[in-house]
Amino acid sequence: MRRVPGPSPEPLFLASATRLIEHDAAAALPAHTLMARAGTAVAELALALAPHARHVWVACGPGNNGGDGLMAASRLHQWHRTRHTGTQITVTFCGEPDRLPDDAANAWQQLQASGLAVSEHPPEEFDLAIDALLGIGARRRPEGRLAEHLQQLRQTSATVLCVDVPSQLDGDTGAAWSNGGLPRTPPGPRHTLSLLTLKPGLFTADGRDAAGTVWFDELGIQPPTATPDARLFVPEHATPTRPHATHKGRQGDVIVLGGQHIDLNGASMVGAALLAGRAALHAGAGRVFVGLLADTQHPIAWDPASPELMLRQPDTLLNPTLLAHACVVCGCGGGEAVEAVLPGLLEHAPRLVLDADALNRIAESPALGRQLKQRRQRDAVTVMTPHPLEAARLLGSSTTQIMGNRLQAARTLSETWGTVCVLKGSGTVSATPRLPPLINASGDPALATAGTGDVLAGLIGAALAAIPDNLDDETLLTTVATAVHRHGLHAEQWSQNHPGRPMVAGWLAAQG
Ligand SMILES: NC(=O)C1=CN([C@@H]2O[C@H](COP(=O)(O)OP(=O)(O)OC[C@H]3O[C@@H](n4cnc5c(N)ncnc54)[C@H](OP(=O)(O)O)[C@@H]3O)[C@@H](O)[C@H]2O)[C@@H](O)CC1
Ligand SMILES: Nc1ncnc2c1ncn2[C@@H]1O[C@H](COP(=O)(O)OP(=O)(O)O)[C@@H](O)[C@H]1O
């Protein structure tokens, strides 16, 4: 058993793939072995998390997830009885013993044999609860007694250990079945022990709040050889050091086009482009040019906080020779003015990061959409960085639909447009056609503040500017995901060093 994320990427499997893996593993072992191992792993983690618990509630459901709970309860009961700890175990069961699947029915018999009786009601007080109500077999919104137990688990400030998947969560998507009006953040510590495989839903959408700290036990099975459905991404390689004999022209140029001027319609978005530019600069780009859009009557000629940025009239930056050697970040605060520069960029920029208003304009314009699709045929590199609302506009759907299946949304976006798609939010998903998407393992709610997306676009721009041409899809995806990870890591460092204090995007940009 180990804590996740570790030092390297982790394969993630949907419920359908997990069932095949479980089927193959179970066929090679004596009956009920996997569930016995699962119960032992749950009991061991429960003991490690709350070694001095006086009262443990094991909430079991009607299927094999409940079977894991029943098995864990037997183990805990034996352990405490042998050591005379006085710890009380209360087991509740929402289901019908006669309808339990085979493995769980065996766990039920073992519980009966252990002498531990099943209770009608949860205990009034407990210091540890084990959520074994529903796992990957959850198919609909819980109701009745099971829903009541689930509600109690969600409201308690005691430690909760979820077996395999938190019962309110879809393990494939990370969408919660319903939060019943409860706050999204649980009031007490939450842990999830994922069994046999890691599930993508634990790491994106509502998953991180519901799952808390994630642990993983392979149940003694060799890592699956099947291609995973996604990967939990952490970078494996340290950032390469620069050779001594280098100069700024070799570090890559970034061109930022965005930041609509206040003169256009009374709403300035200049800050967004400057944030992207600063982030690119601090991330190591050799030179960063910023073209502020519709900046005609009172042009801004320099950024006092980052005098290294080179501000230029956008027209001068649309020069194909300049574009050929740069990565362009387009859209941050671009407003409507961005539409004028998009056709030229889509045609001539070999490396392009499309953010915010660039994406909104493409969503509205079939002609721009066609131009975007043609880029892949020319091997031009394009990264789109939508947040869920921008993704919904691009797919003609709603944010609820996007959040209902973020992996699928990112995949569809990347396949539709032939780009790398970075679908932002808790557990950012980076996808490219034909490869398993990557779910970012870093980041925290400190990022939920204006301008952090602009910073991310700048970081990705700097990363793309620094890599050689003609990279394979996997290296490209990893390069983008590494920038996403770095962005999240800075936020985590802020939160560690300044607990409770809000982070601002300007600080994030300066971390590079
Ligand atoms: N077999 C093994 O060796 C291993 C198994 N493992 C464990 O098995 C888990 C998967 O077990 P599972 O397939 O039985 O599904 P599970 O999550 O228990 O739920 C299905 C039951 O819940 C019911 N149900 C569904 N939704 C409901 C709702 N909203 N409200 C109420 N009821 C609802 C559904 O009823 P039905 O829809 O069929 O009427 C059915 O009875 C997996 O997550 C892991 O923990 C691992 O330890 C590896 C080894
Ligand atoms: N709760 C959160 N947890 C992790 N990352 C988050 C969270 N909220 C926002 N982010 C990240 O912050 C950034 C916000 O981007 P975006 O919404 O485009 O902001 P803006 O347009 O203001 O720059 C994205 O990288 C997103 O993934």
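**Domains**

I looked up the spacing of the domains in this predicted model. The centres of domain 1 and domain 2, taken over C-alpha atoms, are separated by 40 Å. Domain 1 covers 2–229 and domain 2 covers 250–511. I then checked the contact between them: 13 residues of domain 1 meet 15 residues of domain 2.

**Cores**

Next I went to the largest nonpolar core, which has 53 residues. Which of them touch the most other members? I noted F203, V328, C330, L345 and L354. Domain 1 and domain 2 both contribute residues, so this core lies between them. I listed the contacts of F203, leaving out neighbours within four places in sequence. They are V4, L12, L198, R208, V214, L232, S426, G427 and I439. A further core of 49 residues lies apart from the one with F203, and V254, V288, A457 and L477 are among its members. As a general note, nonpolar side chains tend to be buried together in soluble globular proteins.

**Helices α12 and α13**

I turned to the packing of α12 (residues 356–364) against α13 (residues 366–377). The angle is about 110° and the axes are 5 Å apart. Angles of 65 to 115 degrees count as roughly perpendicular, so α12 is roughly perpendicular to α13. From α12, the contact uses R361, I362 and E364. From α13, it uses P366, L368, G369 and L372. I sorted this contact by class and got 4 nonpolar, 1 polar and 2 charged residues.

R361 deserved its own entry. This residue sits in helix α12. Is R361 buried or exposed? Its relative accessibility is 10%, and buried means under 20%, so R361 counts as buried. Setting aside residues up to four places away in sequence, R361 touches G335, E336, V338, E339, L342 and L368.

**Helix α14**

In α14 (residues 388–395), I found P388, E390, A391, A392 and L394 buried. What covers them? The cover includes α12, β16 (381–385), α15 (399–404), α16 (406–417) and β17 (420–423). I also looked just past the helix: G396 follows α14 and has a positive phi, near 60°.

**Backbone entries**

I checked the peptide bond from V4 to P5 and found it cis, with omega near 0°. P5 is placed in the loop between β1 (2–4) and β2 (10–12). V4 also appears in my contact list for F203. For reference, most peptide bonds are trans, and most residues other than glycine have a negative phi.

I then noted positive phi values at two residues that are not glycine. A205 has a phi of about 55°. Its loop runs between β8 (190–195) and α6 (207–211). A205 counts as buried, at 9% relative accessibility. N470 has a positive phi near 55°. Its loop joins α17 (452–465) and α18 (473–497). N470 counts as exposed, at 75% relative accessibility.

**P51**

My last entry is P51. Where is P51 found? I placed it in the loop between α2 (33–49) and β3 (55–60). P51 is partly exposed, with a relative accessible area of 47%. I also took the separation of the C-alpha atoms of P51 and L128, and it is 9.8 Å. Along the chain, P51 and L128 are 77 residues apart.

Notes
Residues are numbered from 1 along each chain as its sequence is written. Chains are lettered from A and ligands numbered from 1 in the order in which they are written. This is a predicted model: local features need pLDDT of at least 70, side-chain atom pairs count only at pLDDT 80 or more; totals for chains, interfaces and linings use all residues. Side-chain values use heavy atoms; hydrogens and water are left out. Axes are lines fitted to C-alpha atoms, for helices over the stretch in contact, and angles run from 0 to 180 degrees between N-to-C directions. Helices (H or I, at least four residues) and strands (E, at least two) are DSSP runs, numbered from the N terminus. Angles under 35 degrees count as roughly parallel, over 145 as roughly antiparallel, 65 to 115 as roughly perpendicular and the rest as oblique. Contact means heavy atoms within 4.5 Å. Ala, Val, Leu, Ile, Met, Phe, Trp, Tyr, Cys and Pro count as nonpolar, Asp, Glu, Lys and Arg as charged, and the others, Gly among them, as polar. A nonpolar core is a set of buried Ala, Val, Leu, Ile, Met, Phe, Trp, Tyr and Cys residues joined through side-chain atoms within 4.5 Å. Buried means under 20% relative accessible area, exposed over 50%, partly exposed in between (1.4 Å probe, protein chains only). Domain bounds come from an automatic or database domain assignment.
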